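Let's take a friendly walk through a protein model, from its outside to its enclosed spaces and then to some unusual spots in its backbone. Keep the structure open as you read.

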Amino acid sequence: MKIKFILSLFSIIWIGLIVRVFFLAVESNSYYTKLSEQNTMKNEQIAPVRGEIVDRLNRPIAINKLGFKILLAPHLAGKKKKEIFDKEIDNLIKLLPKLKKEKIVKNYLKKDSYYNHNFIDIIHFVPYDDMLAVYTELSLRKNIKIVPAPKRFYPYKNIGAHLIGYVSRANRKDVAKDKTLELIGYTGKTGIEKYYNKYLQGLPGKRKIKVNAQNQEIEELMYKNPDEDRKLKLSIDMELEQFIAKEFGSNVGSVIVMNVDGSILAAGSFPNYDLNIFVSGMSYKMYDDLSSSLDHPFTNKLIHGLYPPGSTIKPALGLLYITTDLSEKWHVTCKSHLPLGGRIFRCWKKKGHGKTDIIKAIRESCDDYFYKGSLVLGNKKMSEGLKRYGLSKKTGIDLPNEFIGVVPSREWKLKKYHRIWSIGETANTSIGQGDFLVTPLQMAQETALIATGKLPTPHIAMQIGTEKYIPKAQDVLNAKEKKKLPIIKKAMYQVCNSPHGTATNYLSSKVTLAGKTGTAQVVGIKQDIKKRKLEHELSYYNRSHAWFTTYGPFKHPQYVVLVMVEHGGHGGHAAGKIVSNIYNKLLELGYIKK
């Protein structure tokens with residue numbers, strides 16, 4: 001028995017040893033091979049070149065300037081190699097005197113560590129012409145590596161700035177979301193550059209190389225190119241953009257020229273700024289001056305500017321009136337004032353408009369008609385209808401962080417302020433005042449709805465690579481609304497063409513237009529004031545915002561042109577000339593045929 005036990009124990013030990021030898025010799029081979037490869041093989045990522053942005057006629061809007069970045073070998077900042085480090089930095093400053101030594105050292109120390117064996121990016125961009133004269137000398141230095149590094153450039157500078165957006169250095173939050181940014185360094189921050197950042201950025205290439213114990217390259221084993229030839233084509237026309245910027249001049253506000261299918265032909269938020277300052281960096285003073293301006297140049301007023309719509313809401317609200325509890329024959333007798341809820345609601349015309357129906361109410365912008373109509377319709381039907389027409393929600397434009405505005409209602413007020421709704425607020429909402437807030441783009445979309453009967457989705461991209469953008473429109477009107485829409489269109493025609501129209505005297509367009517002016521109050525008028533000051537008598541920031549939204553040609557609508565001038569006073573007076581000149585330019589450029 002003892003002999004059997006000893007033999008069995010001996011056999012088990014030998015079997016265990018044989019299994020272990022097999023594991024070490026065969027099974028562990030692939031594991032140790034990988035470890036060995038890690039010691040001799042090195043994988044590098046190759047940064048992709050950001051895709052270009054062009055306008056509808058292929059004019060370059062955002063391109064890449066050719067240049068280089070400079071990298072320095074790691075582990076040179078310690079005591080043993082400090083002399084080498086200082087010598088390399090001083091040599092760079094001598095060859096490229098525009099560089100700042102403090103910034104270079106800071107960039108190096110930020111990434112230098114015992115665990116980092118890769119060259120460190122110390123100079124993000126050196127222009128091609130500057131590098132050309134010193135390239136040969138720098139490329140011979142073993143501690144220096146020169147790598148092609150394009151830099152974003154905006155040839156039109158400030159034109160269309162809020163649509164295009166800009167790129168700048170990626171921060172920690174950006175890198176946390178996308179590790180590729182550690183390699184690229186820049187990312188889209190606003191506008192189209194941000195919305196289509198993933199496409200424009202592309203995917204990096206790969207390179208596998210063999211290195212020795214000193215981390216020196218011996219052989220290239222594999223090379224895969226990064227994404228190339230990515231182009232984003234926009235629907236905007238940069239010649240028209242330039243024209244609009246010139247026409248708008250020193251005014252503050254926004255302009256939108258949109259095809260009725262939703263494609264943006266041109267748009268501007270004013271004042272604007274040179275996009276290139278964010279790529280190269282700006283001084284603290286420049287940033288403070290821009291950010292502290294009362295005219296808010298950093299705000300994209302097209303989608304982030306929230307304003308009371310004033311009388312521009314009347315066509316949409318009028319359509320609700322005549323298709324729900326009222327008819328197109330319903331009329332009021334405007335006496336210029338309406339006592340309601342313990343206060344007086346005034347119409348803008350001191351003597352009143354007299355007998356007024358829907359056509360006259362829109363043509364001459366009679367407030368009294370809409371006050372009284374709102375009391376019949378009620379806030380619930382008004383707010384629900386206007387939301388169905390696209391207000392108080394995103395338009396869906398391909399720009400980041402679009403605001404939705406507010407169509408005030410009983411439920412909204414209770415939830416936000418924990419207060420009950422008053423009948424006076426219903427009347428105030430009917431003329432686009434009070435808590436009612438919209439963006440200029442929402443009102444342009446609303447105008448397109450009236451022009452065509454369909455609610456378009458505004459968009460700026462025309463073609464992404466080889467994929468064309470297909471316009472989308474929503475069918476939001478019911479059968480009765482579609483049937484009575486021509487009544488509203490007729491009224492808007494008379495706004496621009498009737499002797500009594502609020503815009504007629506301010507237009508010089510060669511295109512027959514339909515539209516609606518609006519004057520949105522910035523400050524309330526006290527009840528005890530009998531005689532209201534004229535707009536030009538008020539201090540600038542107390543003047544009303546001036547709206548003018550239009551579509552044309554009237555019989556066959558092609559384009560919506562909307563102008564909103566902050567503190568501009570009356571819509572027709574402030575915006576009529578600008579709107580007229582834009583339509584005349586559309587004729588000149590061939591977008592509208594005579």
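A cavity is a set of grid points where a 1.4 Å probe fits but cannot get out. This is a predicted model, and by that rule it holds three cavities of 30 Å³ or more.

What lines the largest cavity? Its space comes to about 50 Å³, and the lining is made by Thr312, Pro315, Ala316, Met443, Glu446, Thr447, Ile450, Met492, Lys516 and Thr549. Sorted by character, these residues are five nonpolar, three polar and two charged. Two helices, helix 16 (314-323) and helix 22 (440-452), each give at least two residues to this lining. The largest share, four residues, belongs to helix 22.

Now look at the outside. Leu9, Phe10, Ile13, Trp14, Leu17 and Ile18 make a nonpolar surface patch of about 630 Å². One of these residues, isoleucine 18, sits in helix 1 (residues 2-27). Is isoleucine 18 buried or exposed? Its relative accessible area is 55%, and exposed means over 50%, so isoleucine 18 counts as exposed.

Helix 18 (residues 367-377) gives another picture. Eight of its eleven residues are buried, so the rest of the structure largely encloses this helix. Among the buried ones are Asp367, Tyr369, Phe370 and Leu377. Just after helix 18 comes glycine 378, with a positive phi of about 90 degrees.

A positive phi also turns up at two histidines. Neither histidine 296 nor histidine 567 is a glycine, yet each has this feature, as the table shows.

| Residue | Phi | Relative accessible area |
|---|---|---|
| Histidine 296 | about 50 degrees | 43% |
| Histidine 567 | about 55 degrees | 9% |

Histidine 296 is in the loop between helix 14 (284-291) and helix 15 (301-304), while histidine 567 is in the loop between strand 25 and helix 24 (571-588). Why does histidine 567 count as buried? Buried means under 20% relative accessible area, and histidine 567 has 9%, so it meets that cut-off. Histidine 296, at 43%, counts as partly exposed.

Finally, find the cis peptide bonds. One runs from phenylalanine 270 to proline 271, with omega near 0 degrees. Proline 271 belongs to the loop between strand 14 (264-270) and helix 13 (276-280). Another joins glycine 552 and proline 553, where omega is about -10 degrees. Proline 553 lies in the loop between strand 24 (545-552) and strand 25 (559-565).

Technical notes:
Residues numbered from 1 in each chain as written. Predicted model: local features only at pLDDT ≥ 70, side-chain atom pairs only at ≥ 80, totals over all residues. Heavy atoms only, no water. Patch = residues over 30% accessible without salt bridge, like charges linked within 9 Å, V, L, I, M, F, W, Y side chains within 5 Å. Areas by Shrake-Rupley, 256 points an atom, 1.4 Å probe, with all protein chains shown as cover. Salt bridge = Lys/Arg side-chain N within 4 Å of Asp/Glu carboxyl O. Buried < 20%, exposed > 50% of the residue type's maximum accessible area, 1.4 Å probe, protein only. 1 Å grid on protein atoms, 1.4 Å probe; cavity = no way out; pocket = protein on both sides within 12 Å on 5 of 7 lines; lining within 4 Å. Points joined across faces, edges and corners; volume = space filled by probe spheres on them. Nonpolar A, V, L, I, M, F, W, Y, C, P; charged D, E, K, R; others polar.
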